[in-house]
Amino acid sequence: MNRLGSVIAAVSTPPGKGGIAVIRISGPGAADITDKVFRPKNEKSLLSHAPRTAVYGDIAGEDGIIDDGLAVYFPAPNSYTGEDTVEISCHGGILLTQLVLEAVFAAGALPAEPGEFTKRAYISGKLGLIKAESVIDLIDAESRESVKLASSQSRGALSGKIDDIYNKMKQLLSSIYAYIDFPDEDLTDVPGSELLSRLSDIRNEVDSLASTWKTGRAVKDGISACIAGKPNVGKSSLLNALLGYDRAIVTDIAGTTRDIVSEKVSLGRASLKLSDTAGIHKAEDIVERIGVDRAVEELEKSELILAVFDGSQPLDSADSEFAFHIGAARKNNPSVRVIAVINKSDLPAVFNDSEIKKLIEDAEIIRLSACSGNVTTLAELIDRMFIDGSLDLSNDAIISNARQYAALIRAREDLDSALKSLKSGFTQDIAGLDVEHAMSNISEIDGLSVSEDIVDDIFHRFCVGK
Ligand code: GDP
């Protein structure tokens, strides 16, 4: 059923008791439907008041007046959805809000689907797909840095950059076609070598935008990291220090952590999806053995391994066995990064960094005392490894989801192929087709040529009422 011509309604504030709740009503005739449930105290209809002003009145349900509150009418196109919209603020009781919403449904509105208000805003051209996604990101943000990132994208940092790249491709395409039509004439003010250099600049711009995804992902989704090591080196203490509170049990009894303990933590600008694993060693106990197997699996699944060693004890065969598992995990997943965390730096050190280097090739090494709770140096190191320090999260165009990244990579491949054709010197028409493909991939990012399935998928990630 095409719902676009219909009026939809939902509670836009979170479920639960609160000072106020907001019911949003959107679609052609939203004010007429509101008139059936909302009675301004001055007895005029809502429509006869100035738009976008708060009007005080009574709210009537099936059994008469149930509350008093405010209604604001936003006529199309000057509303969030771009349609006629009314927002009613009533008292924030759970049942009361439900009764107001039921009255609005009884007056003719349909229950809104998840994300339907924002989807309508997208359809009516009020916002592009990047801005719509940044609205979900703002709502879901769990760290200050991800708020900064989402807010900057909602203000247009990325969509502006995408527009700019698209326009450069368009100009290049018209030059390529002019070149094909009039290769030997003065009409082509652009020589072939210049086409090549412009194409190459655009390709590099797409590539450098794609490279911001590493930072965007570390900030928004978090780096999947695991804390691993033999028993009793201080893995749980490190987890607690990173979290800033006691999440895991710390004892000097080996084998206390038998299953994986997972938490999300923001550490400087990056977030970590952190798992504390069972100590890796030859366990006798069957339950512990399962924990050890899971810990070994976790090494492979992670992007970052915090490999913990006890700096106050000589390295032994258990450390070597643990290092062997890290080597195996790296073979299966070469992109995994390793930081060797030499713990218990409050006690005298009994081995130096070179011994760790022999166990784990190319590991970054850091010494700290998890007990002290000070993990600043580790946080700084992770920041350097995963965040591009030249990026300003509050203002720069940064890729912040896999959909945007995948479209950019496809566009880069198209441009690589166009470059190849131009370099070969005789297939400009093929280069033109490649640039057209690249344009289509780029425009997909902000929703200009995107399939309905992708759009539905994006908006279904929203909550009802947004
Ligand atoms: P896990 O088995 O690797 O998770 O290790 P725990 O975090 O449970 O710690 C094992 C023991 O080492 C406990 O007695 C901790 O108090 C102690 N420990 C952990 N971190 C430090 C540290 O930085 N300095 C010192 N001196 N002891 C620590």
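In this predicted model, a backbone N or O atom of Gly-234 lies 3.0 Å from an oxygen atom of the ligand. Two further pairs of this kind involve Ser-369 and Ala-370: an N or O atom in the side chain of Ser-369 is 2.9 Å from a ligand oxygen atom, and a backbone N or O atom of Ala-370 lies 3.1 Å from an oxygen atom of the ligand. On its own the ligand has 580 Å² of accessible area, of which the protein covers 83%.

| Residue | Protein atom | Ligand atom | Distance |
|---|---|---|---|
| Gly-234 | backbone N or O | oxygen | 3.0 Å |
| Ser-369 | side-chain N or O | oxygen | 2.9 Å |
| Ala-370 | backbone N or O | oxygen | 3.1 Å |

**The shell around the ligand**

The ligand is surrounded by 16 residues, and the closest are Asn-232, Lys-235, Ser-236, Ser-237 and Asp-346. Sorted by class, the shell consists of five nonpolar, seven polar and four charged residues. Which helix gives the most to this shell? Helix α9, spanning residues 235-243, does so with three residues.

**The seven-stranded sheet**

Away from the ligand, the description turns to the strands. Seven of them form an open sheet with mixed pairing, in the order β3-β4-β5-β6-β2-β1-β7. Its edge strands are β3 and β7, each of which pairs on one side only.

At the β3 end, strand β3 (residues 38-40) runs antiparallel to strand β4 (residues 54-61), and three bridges join the two. One residue pair in this register is Arg-39 with its bridge partner Asp-58 in β4. Strand β4 is in turn joined to strand β5 (residues 64-74) by eight bridges, again in the antiparallel sense. Within that pairing, Gly-57 has Gly-69 of β5 as its bridge partner, and Ala-54 is bridged to Val-72 of β5. The strands β4 and β5 form a hairpin with two residues between them.

Towards the other edge, strand β1 (residues 8-11) pairs with strand β2 (residues 18-26) over four bridges in the antiparallel sense. Here the bridge partner of Ala-10 is Arg-24 in β2. The hairpin of β1 and β2 has six residues between the strands, and in it Gly-16 takes a positive phi near 125°. Strand β1 is also joined to strand β7 (residues 110-111), in this case by two bridges and with the strands running parallel. Ala-9 takes part in this parallel pairing, with Pro-111 of β7 as its bridge partner.

**Burial of β1 and the surroundings of Ala-9**

Are the residues on the two faces of β1 buried or exposed? Both faces are covered: Ile-8 and Ala-10 on one side, and Ala-9 and Val-11 on the other, are all buried. For Ala-9, which lies in β1, the relative accessibility is 1%, so this residue counts as buried, the cut-off being under 20%.

Not counting residues up to four places away in sequence, Ala-9 touches Arg-24, Ile-25, Leu-101, Val-104, Phe-105, Ala-109, Leu-110, Pro-111, Ala-112 and Phe-117. This list includes Pro-111, the bridge partner of Ala-9 in β7. The C-alpha atom of Ala-9 is also separated by 9.6 Å from that of Glu-116, a residue 107 places away along the chain.

**Two buried residues with polar side-chain contacts**

His-49 lies in the loop between β3 and β4. Its relative accessibility is 17%, so His-49 counts as buried. The side chains of His-49 and Asn-42 are joined by a polar contact of 2.9 Å. Apart from residues up to four places away in sequence, His-49 touches Pro-40, Asn-42, Lys-44 and Val-55. Among these, Pro-40 falls in β3 and Val-55 in β4.

Glu-205 is found in helix α7, which covers residues 192-210. Because its relative accessibility is 16%, Glu-205 counts as buried. What does the side chain of Glu-205 make a polar contact with? The partner is the side chain of Lys-161, at 3.0 Å. With neighbours within four places in sequence left aside, Glu-205 is in contact with Lys-161, Asp-164, Ile-165 and Lys-168.

Note on methods: Residues numbered from 1 in each chain as written. Predicted model: local features only at pLDDT ≥ 70, side-chain atom pairs only at ≥ 80, totals over all residues. Heavy atoms only, no water. Pairing = 2+ DSSP bridges. Near = heavy atom within 4 Å. Polar contact = N/O pair within 3.5 Å; in protein donor to acceptor, adjacent residues only side chain to side chain. Areas by Shrake-Rupley, 256 points an atom, 1.4 Å probe, with all protein chains shown as cover. Nonpolar A, V, L, I, M, F, W, Y, C, P; charged D, E, K, R; others polar. Buried < 20%, exposed > 50% of the residue type's maximum accessible area, 1.4 Å probe, protein only. Contact = heavy atoms within 4.5 Å.
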